[in-house]
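Here are my notes on this model, point by point. Please read them with the structure open.

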Amino acid sequence: MPTGSIPGNCTFEPRHGAPARAGERRVLNRQLLFDAIERLASPATGEGALLIVRMRNLHDYEAMFGYEAGDALVLAFEARLRECLRSVDVAVRIGECDFAVVLPGLADRNHVSLAAAKVSRTFQEPLQVRNRPAWTNVAVGACAVADAGTPTLLCRQADVACRRAWELRERHFLHAGLSSTLVGYEELQAAITGNQMQLFLQPVFSMQDGELKSFESLSRWVHPVHGQIRPAVFVPMAEQAGLIHELTRWNLNATFRHCSPFIEAHPGIKCAVNISPVALTAPGFVEQMASAFRLWKIAPGSVVLEITETAFVDNQEQLVEALSALHAVGVGISIDDFGTGYSSLSYIRRFAVDELKIDMSFVHDLAGSARARRLVAWMIQMAHGMGAIAVAEGIEDAETWARLGEMGCDHGQGYYPGRPQPAEEALALLASAS
Ligand code: C2E
Ligand code: CA
Ligand code: CA
């Protein structure tokens with residue numbers, strides 16, 4: 001359905017016209033956006049939301065096909081966006097590759113999240129540009145009016161969410177009403193030292209016989225006012241504020257303290273920790289790990305480090321050095337979010353990877369997309385070809401579990417086989433089941 005017809009619900013001139021006009025139009029469109037927010041999603045009513053929809057690959061496309069084709073791509077993009085909106089929604093182009101969409105009437109965060117998911121899904125199919133299919137790479141950020149005090153803050157929060165979606169390689173991300181603009185760095189520091197962090201564990205099972213294989217440790221910040229805050233908010237904050245080393249120390253100690261007795265009682269079970277590349281490449285990290293192993297009497301061979309594939313883009317040398325040293329003493333190395341990193345894979349030649357963790361976006365697409373199935377099959381083969389195991393994350397239903405098992409995936413993790421739970425509860429449950 002087409003969108004509502006406010007006069008400014010319009011597209012820019014082609015971007016390669018006179019710069020002054022484009023600049024004026026940009027200001028005009030921003031004003032139209034603010035007017036639409038005031039009319040349709042006013043913080044006074046507490047209802048409504050804003051999406052920022054960003055096409056990330058326009059410049060690559062232009063480099064390949066030229067500026068005019070780029071303009072045609074943007075027009076096709078806008079048309080597709082408008083097709084998937086309700087008639088009451090208002091879309092305004094606010095930047096070269098950016099659209100803002102005002103969604104009136106949505107009060108519930110779940111509905112906002114669904115709307116963002118719908119928009120991101122609509123771009124999974126290629127656009128048609130000059131009789132050629134054109135794939136777009138889209139990130140959608142969402143923020144509910146209820147989570148932002150003013151129209152300006154609403155725009156900022158939705159923009160931050162859009163960037164976060166990109167960083168997390170999620171297609172869409174809902175601003176949960178919290179960010180470094182609302183929660184201070186000092187608070188995070190106090191939380192790490194003052195017992196506000198909580199350790200969650202999520203089990204990982206063999207897909208062939210259902211046996212428990214490992215736990216992944218996931219941190220939560222239990223904030224006295226805002227409640228549970230996810231790592232997507234506080235890990236980047238910690239990295240920026242130089243607190244990542246303290247957070248890593250807390251996480252390693254908490255994980256080993258909980259898991260060490262369980263592993264002693266159930267030999268062969270491992271624990272996996274997520275390590276930020278900022279922490280991993282800091283001087284002294286390898287020694288820090290060694291002293292944590294000694295302190296908690298845990299064998300390095302019982303520990304797996306999960307490093308996101310994107311980490312290798314900037315830090316190959318230092319990462320490879322630290323990972324090689326740890327691998328040499330028996331620590332397992334897992335490449336997290338595999339398939340999303342755009343890295344050169346050359347790290348695979350430099351040290352032995354033990355595990356490829358297939359990103360959950362591929363797992364979620366399995367049922368509906370033959371392309372995702374082919375990619376996952378290829379990733380499983382690739383893992384086996386290099387002597388590693390393939391682990392699928394984000395398995396949310398029995399059908400996906402069964403399908404991945406048939407495809408030869410080794411281990412599986414997700415809400416279907418077991419949700420992340422507070423460490424004590426997770427371990428008590430598993431101890432009673434084993
Ligand atoms: P990750 O390593 O990819 O971890 C999996 C994330 O997916 C977790 O989110 C988990 O709660 C969630 N998840 C698990 N099963 C499912 C499922 O079936 N469906 C869906 N939709 N989600 C599922 P969480 O806990 O919010 O963690 C987000 C990311 O933050 C993690 O992504 C990890 O990279 C990072 N992280 C978590 N704890 C720490 C930490 O202590 N230090 C560092 N550096 N990073 C951490
Ligand atoms: Ca992980
Ligand atoms: Ca992951």
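**Notes on the metal sites, a helix pair and two backbone angles**

1. The donor residues of the calcium ion (ligand 2) follow the sequence spacing E-x57-N-x31-E-x29-D. The atoms behind that pattern are Glu216 (OE), Asn274 (OD1), Glu306 (OE) and Asp336 (OD). They lie 2.1 to 2.3 Å from the ion. Keep in mind that this is a predicted model. Water is not among the atoms, so the site may look incomplete.

2. What does this site tie together? Glutamate 216 belongs to strand β9 (residues 212-223) and aspartate 336 to strand β13 (residues 332-338), so the pair joins parts that are 120 residues apart in sequence. Glutamate 216 is buried, and aspartate 336 is buried too.

3. Now the calcium ion (ligand 3). Its coordination comes from Asp336 (OD), Asp337 (OD) and Glu393 (OE), with Glu393 (OE) listed twice. The distances run from 2.2 to 2.5 Å. In sequence, the donor residues are spaced D-D-x55-E.

4. Which residue coordinates both ions? Aspartate 336 does, and the calcium ion (ligand 2) and the calcium ion (ligand 3) are 4.1 Å apart. For anyone setting up this pair, the shared donor is the point to check in the viewer.

5. Aspartate 337 deserves its own look. Its phi is near 50 degrees, a positive value in a residue other than glycine. The residue is found in strand β13. Is aspartate 337 buried or exposed? Its relative accessibility is 12%, so it counts as buried. Aspartate 337 is also a donor to the calcium ion (ligand 3).

6. Asparagine 131 has a positive phi as well, near 65 degrees, and is likewise not a glycine. Asparagine 131 sits in the loop between β4 (127-129) and β5 (132-134). With 75% relative accessibility, this asparagine counts as exposed.

7. Next, a helix pair. Helix α8 (residues 244-265) packs with helix α10 (residues 285-295) at an angle of about 25 degrees, and the axes are 10 Å apart. Why are they called roughly parallel? Angles under 35 degrees count as such, so α8 and α10 qualify. The crossing of α8 past α10 is right-handed.

8. Who makes that contact? From α8 come His245, Thr248, Arg249, Leu252, Asn253 and Phe256. From α10 come Phe285, Gln288, Met289, Ala292, Phe293 and Leu295. By class, the contact has seven nonpolar, four polar and one charged residues.

Conventions:
Residues are numbered from 1 along each chain as its sequence is written. Chains are lettered from A and ligands numbered from 1 in the order in which they are written. This is a predicted model: local features need pLDDT of at least 70, side-chain atom pairs count only at pLDDT 80 or more; totals for chains, interfaces and linings use all residues. Side-chain values use heavy atoms; hydrogens and water are left out. Donors are N, O and S atoms within 2.8 Å of the metal (3.2 Å for Na, K and Ca); water is not among the atoms, so sites may look incomplete. Helices (H or I, at least four residues) and strands (E, at least two) are DSSP runs, numbered from the N terminus. Buried means under 20% relative accessible area, exposed over 50%, partly exposed in between (1.4 Å probe, protein chains only). Axes are lines fitted to C-alpha atoms, for helices over the stretch in contact, and angles run from 0 to 180 degrees between N-to-C directions. Angles under 35 degrees count as roughly parallel, over 145 as roughly antiparallel, 65 to 115 as roughly perpendicular and the rest as oblique. A crossing is left-handed if the near helix is turned anticlockwise from the far one by less than a right angle, and right-handed if clockwise. Contact means heavy atoms within 4.5 Å. Ala, Val, Leu, Ile, Met, Phe, Trp, Tyr, Cys and Pro count as nonpolar, Asp, Glu, Lys and Arg as charged, and the others, Gly among them, as polar.
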